[in-house]
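Here are my notes for your first look at this entry. Keep the structure open while you read, and look up each residue as it is named.

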Amino acid sequence: MSTQTLRIIMNGVTGRMGYRQHLVRSILAIRDDGGILLPNGDRLTVEPVLVGRSAEKLAELAALHGVAEYTTDLAAALADETATIYFDAQVTSARKDAILQAIAAGKHIYTEKPIANTVADGLELVAAAEQAGVINGVVHDKLYLPGLLKLKRLIDSGFFGRILSVRGEFGYWVFEGDFLPAQRPSWNYREEDGGGMTLDMYCHWNYVLENLFGRVEAVSSKAVTHIHERWDEQGNRYEATADDAAYGIFELEGDIIAQINSSWAVRVDRGELVEFQVDGTLGSAVAGLFGCKVQPRVNTPKPVWNPDLPTDQDFPSQWTQIPDNQEFTNGFRAQWEQFLQDVAAGRPHPYDLAAGVRGLQLVDAGLQSSNEGRRVEIQAVSS
């Protein structure tokens, strides 16, 4: 049995997501566990090459985690023929040019989303990757979360009957930065730096909806900037130019209606920071990041509307949790492992740059709907 080592250029690992989810909880976790055991008994191991703008920060990370190589010179990293994969977790505005450089260098591509700022830029990436023949993937981490994996099992089993609707609630209060430090980077709230709730989260909602329920065919959305004044990491006041909330109605194929509220200006009164309720003719479910509870038709209570009396029903107790009857790994790591195995096997990754373009299409349609105050239809883009 043989061992193959994949060397991965990781750009943007000093940022929050790039460091915690992709470097520490995915690539370093895979490395420290001895790699990935393949079905034929072979093993894939990984070696990260860290890339960023601050040599000092990179040196600290490399020393802390036992990483041998780091550089602030992306061109030099891409010139290394032994490093065959390029990963991008930079700010969105810097992503397209770096990915194009990596494709030109013949690297396989794995990237955070949004893959670019516009649909046109995303299509340019798709065309370049196709011409170069490189395997490419886009982070679809929420599909690998325990709650949504349980929800997918319910869908595949026919639990819902005919699915009627999906209702999603996502968000939490992000502090402005004056009273308490903000728990998200300040660029998220500057449109000129690629920030904005619609650009950030509609890419997520597109792949969740299309992979679980069906393609988004039309959207009606309202993007709002609720908090106009924020303070950055240095304590300096700045004007928030990007939307911090988006309220959308999505029409899916199969006559399914999805409603999703997304906000960084909402206080949480639910079990998890994101929850999706799915209602069907034979049953309903509520899924979060980890949990998923169900209420089948035969167990559905029969409430009666009476505003003159307090209800005597304990509605939360009328749902049943699906047990954790399998072992779930970190969602980011799970997709990394799938992508790495696809690279080793020379096969396409199912969640590719074309899927990233479809996410950007929904972003554009959502912003157009908000700006023009109307429903916007979305044309299909194939993989």
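The points below take the annotated domains, then the helices, then some single residues.

1. The model is predicted. Please keep that in mind when reading the values that follow.

2. Two domain annotations come from UniProt, both from an unreviewed entry. One is "domain: Gfo/Idh/MocA-like oxidoreductase N-terminal", which the record places at residues 50-138. The other is "domain: GFO/IDH/MocA-like oxidoreductase", given for residues 149-285.

3. What is the helix and strand content of each span? Residues 50-138 are 48% helix and 20% strand, while residues 149-285 are 18% helix and 36% strand. The end C-alpha atoms are 19 Å apart for residues 50-138 and 13 Å apart for residues 149-285.

4. Helix packing comes next. Two packed helices are described by the angle between their axes and the distance between the axes. Helix H4 (residues 92-104) and H5 have axes 10 Å apart, at an angle of about 10°. An angle under 35 degrees counts as roughly parallel, so H4 is roughly parallel to H5. On the H4 side the contact uses Lys96, Ile99, Leu100 and Ile103. On the H5 side it uses Asp121, Glu124, Leu125, Ala128, Ala129 and Ala132.

5. Helix H5 (residues 119-132) also packs with H9: their axes come within 9 Å and cross at roughly 170°. Are H5 and H9 roughly parallel or roughly antiparallel? Angles over 145 degrees count as roughly antiparallel, and H5 and H9 are therefore described that way. In H5, the residues that meet H9 are Val119, Gly122, Leu123, Leu125, Val126 and Ala129. Their partners in H9 are Leu353, Ala354, Val357, Leu360, Gln361 and Asp364.

6. H9 itself runs over residues 353-372, which is 20 residues. From its first C-alpha to its last it reaches 28 Å, close to the 28 Å expected at 1.5 Å a residue. Of the 20 residues in H9, 15 are buried, and the helix is mostly covered. Glycine 373, just after H9, takes a positive phi of about 65°.

7. Helix H6 covers residues 146-157, and its 12 residues should span 16 Å at 1.5 Å a residue. The end C-alpha atoms are 17 Å apart, which agrees. Which residues of H6 are buried? They are Pro146, Gly147, Leu148, Lys150, Leu151, Leu154 and Ile155. These buried residues pack against H7 and against four strands: S8 (163-171), S14 (274-280), S15 (283-287) and S16 (292-296). After H6 comes glycine 158, with a positive phi near 80°.

8. Histidine 204 sits in helix H7 (residues 197-212). Its relative accessible area is 5%; since buried means under 20%, histidine 204 is buried. Leaving aside neighbours within four places in sequence, histidine 204 is in contact with Lys113, Asp141 and Lys142. The C-alpha atoms of histidine 204 and proline 114 are separated by 8.8 Å, although these residues are 90 apart along the chain.

9. Proline 114 deserves its own check. It lies in the loop between strand S6 (108-111) and H5. The peptide bond from lysine 113 to proline 114 is cis, with omega near 0°.

10. Glutamate 210 is also placed in helix H7. Is glutamate 210 buried or exposed? Its relative accessibility is 19%, and it counts as buried, because the cut-off is under 20%. Setting aside neighbours within four places in sequence, glutamate 210 is in contact with Arg215 and Arg358. Its C-alpha atom and that of glutamate 47, 163 residues apart along the chain, are separated by 33 Å.

11. Aspartate 255 is found in the loop between strand S12 (245-252) and strand S13 (256-263). Its phi is near 60°, a positive value in a residue other than glycine. At 69% relative accessibility, aspartate 255 counts as exposed.

12. A last point concerns cysteines. Cysteine 203 counts as buried at 4% relative accessibility, and cysteine 292 counts as buried at 0%. How many disulfides are there? With a disulfide taken as a pair of cysteine sulfur atoms within 2.5 Å, the count comes to 0.

Note on methods: Residues numbered from 1 in each chain as written. Predicted model: local features only at pLDDT ≥ 70, side-chain atom pairs only at ≥ 80, totals over all residues. Heavy atoms only, no water. UniProt positions renumbered as here; feature names shortened; annotations may be inferred. Helix = DSSP H or I, 4+ residues; strand = E, 2+ residues; numbered from the N terminus. Buried < 20%, exposed > 50% of the residue type's maximum accessible area, 1.4 Å probe, protein only. Expected span 1.5 Å × (residues − 1). Axes fitted to C-alpha atoms, helices over the stretch in contact; angles between N-to-C directions. Parallel < 35°, antiparallel > 145°, perpendicular 65-115°, else oblique. Contact = heavy atoms within 4.5 Å.
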